[in-house]
Amino acid sequence: MNSMLQAKKRLEELGYENIYLWEDPPGTYYGWHTHAEDEVRMVLEGSITIGTEARVYHLKPGDILEVPAGTRHWAKTEEGVKYLCGTRKK
């Protein structure tokens with residue numbers, strides 16, 4: 001099984017659905033925002049920094065970050081990043 005399918009399966013085992021591949025080019029920035037459902041990001045290539053009001057996370061390939069519904073956060077990538085996204089209903 002290829003690594004992306006294995007990653008998707010792992011997220012499904014954590015209860016996530018609507019899993020899709022996303023890619024941000026170098027210099028992408030998302031300002032403060034929230035999501036209505038629990039969100040997950042699993043980095044496949046590159047790196048991304050995601051900040052919440054409590055902490056800043058520096059994610060690299062293989063890292064997973066779960067962001068609970070309603071959590072204010074921002075994200076940026078200097079070098080570009082490819083990651084899997086998914087949602088989980090409470």
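Colleague: Happy to look at this with you! In what order do the 4 strands of the open sheet come?

Modeller: This is a predicted model, where local features need pLDDT of at least 70, side-chain atom pairs count only at pLDDT 80 or more, and totals for chains, interfaces and linings use all residues. Residues are numbered from 1 along each chain as its sequence is written, and side-chain values use heavy atoms, with hydrogens and water left out. Strands are DSSP runs of E, at least two residues, numbered from the N terminus, and two of them pair if DSSP finds at least two bridges between them. The pairing here is antiparallel, and the order is S2-S7-S4-S5.

Colleague: Thanks! Which strands are the edge strands?

Modeller: Each edge strand pairs on one side only. They are strand S2 (29-33) and strand S5 (56-59).

Colleague: And which residue in S5 is the bridge partner of Thr49?

Modeller: Strand S4 (residues 48-52) and S5 run antiparallel, joined by 4 bridges. The partner of Thr49 in S5 is His58.

Colleague: Nice. Which strand gives the most to the largest nonpolar core?

Modeller: A nonpolar core is a set of buried (under 20% relative accessible area) Ala, Val, Leu, Ile, Met, Phe, Trp, Tyr and Cys residues joined through side-chain atoms within 4.5 Å. The largest one has 10 residues, including Val43, Ile48, Leu65 and Tyr83. S4, strand S6 (64-67) and strand S8 (81-88) each supply at least two residues. With 3 residues, the top contributor is S8.

Definitions and conventions
Buried means under 20% relative accessible area, exposed over 50%, partly exposed in between (1.4 Å probe, protein chains only).
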